[in-house]
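Dear colleague,

Please find below the structure that I am handing over to you. My findings follow it.

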Amino acid sequence: MLSLRSPLSAVARNAVKASRPSFARSLATVVANHIPTPQDPNRPATLHLKSGESFSGKAFGAPISRFGEAVFSTSITSYTESMTDPSYRSQFIVFTTPLIGNYGVPDNSATTEPNGPPVLLESNGVQCAGVVVGDLAERYSHYQAVESLHEWCDRHGVPGITGVDTRAITTLLRNNGSTLSKLATGDGHEVSPSATEYWDPAVENLVDQVSTKEIYTLNPEGDVKIALLDFGAKANILRSLTRRGASVTVFPWNYDFNKVRDQFDGLFLSNGPGDPKHCMEAALVVRKTINEWDKPVFGICMGHQIIGLAAGLDAYRMRFGNRGHNQPVLALANSGSIKAGRVYVTSQNHQYALELVDPFPKGWEPFFLNANDASVEGIKSTEASGKRVWGVQFHPESAGGPLDTIHMFTSFVDECRFLSKAGGAPAVLQMNHPEAHL
Ligand SMILES: NC(=O)CC[C@H](N)C(=O)O
């Protein structure tokens, strides 16, 4: 640990003497950020899997025990965004990247977007049940960091375990599938729970826990009015709409949108946690909307699954799902900026997928397939249907991850805008605004 007598602090003191306060301030920040996180290195923890294996390591974050579902993510970066994504609710994220925490955690209220959601990350809290990392970085460094991963987890009541073999855990999760687990700290942490003690989050309607209870509008002056059904929306979905000039009114997941649809130019269905079949009520609302309304509808992840259920497709639980920022998807149809035959690299976080059936329901076609496992990555309404509905299983808005498909937001907002002004079908889809690439 750096002490006040360390050479770096001596430099900082000299800088103050030399009347260079701003230099001294930034140097002091660098010094502060390199002080190891105060944490008891001997606090043990154990991750128990319902399949029978236990992994012991060191605890960090909140000194509590929790049940949840262990899932693995291959993302190399953006642990802060993943952990605040409401779709990770009730899950233990096992990061396959060994070193996690090295750039700390920023101040979540330090957003610079006046018209966007009031958070820098993906929601206002840590949503996952806990984190499992190979090697927790006790020192961190980033110009926006204000605390360590350990401190952040502790503050939000989220336990973590480090010093475990995340390769071995991931191999088990790949072979056996996402597995019910207990992350245990404190007395008796090493005692495996009995099979009946494990809590299964799949039985709960997690969407109801994370969806907004109040209706609110972001960027009310926006020239195009988009309604969003909130299944647990990531903030970057809201940002990606408001940055393109849209006003976004956010409704609870089970709101009867058909009562108010005439006030809007488009409908967006967000991501969200858990089994989409808990949200059949929303699928029925969306089915009515699609049957009776010709304005654009766009859904991401859970939103895409809801569109699929509304279209008459079934959804199933995958073995280990897809979570990471390196998932390749093959486009099967042209639409807006998307070209059939191209592979796009995408950000994903899902456990469920729509069934691939042949033929697809009338009026619908597959839009994307996963190039690794051939699961359905997108569906769309056919040209002949006269509808404008798109659903994608991946996250075009990323945060984190690649921005290969971010233009889908531009296409959607432009389509809503075009229809709102012209009052009819567009001759050519408006897309590729050069300024709208983020
Ligand atoms: N990110 C999401 O919206 C995930 C959707 C759904 N909860 C799933 O796991 O498949």
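For the classes used here, Ala, Val, Leu, Ile, Met, Phe, Trp, Tyr, Cys and Pro count as nonpolar, Asp, Glu, Lys and Arg as charged, and the others, Gly among them, as polar. Please note that the model is predicted.

By these classes, the shell around the ligand has five nonpolar, seven polar and no charged residues. The residues of this shell are S87, N271, G272, P273, G274, P276, C301, M302, N349, H350, Q351 and Y352. Strand 18 gives the most to the shell, with four residues.

Strand 18 also belongs to an open sheet of 10 strands, whose order is 12-14-13-15-16-21-20-19-17-18 and whose pairing is mixed. Strand 12 (216-218) and strand 18 (343-354) each have a single partner strand, so one side of each is left without a neighbour in the sheet. On average, neighbouring strands of this sheet are turned by 25° against each other, direction ignored.

Within the sheet, strand 16 (residues 297-300) and strand 21 (residues 389-392) run parallel and are joined by four bridges. Here F298 stands opposite W390 in strand 21. Helix 7 (residues 235-242) packs on the sheet and touches strands including strand 12 and strand 16. The direction of helix 7 makes about 145° with that of strand 14 (246-252).

Finally, the domain assignment of the protein chain gives domain 1 (44-202) and domain 2 (206-422). Their C-alpha centres lie 27 Å apart, and 28 residues of domain 1 are in contact with 29 residues of domain 2. On the side of domain 1 that touches domain 2, the largest share, three residues, comes from strand 3.

Yours sincerely

Technical notes:
Residues are numbered from 1 along each chain as its sequence is written. This is a predicted model: local features need pLDDT of at least 70, side-chain atom pairs count only at pLDDT 80 or more; totals for chains, interfaces and linings use all residues. Two strands pair if DSSP finds at least two bridges between them. Helices (H or I, at least four residues) and strands (E, at least two) are DSSP runs, numbered from the N terminus. Axes are lines fitted to C-alpha atoms, for helices over the stretch in contact, and angles run from 0 to 180 degrees between N-to-C directions. Two residues are in contact if their C-beta atoms, placed from the backbone, lie within 7 Å. A residue is near a molecule or strand if its C-beta atom, placed from the backbone, lies within 6 Å of it. Domain bounds come from an automatic or database domain assignment.
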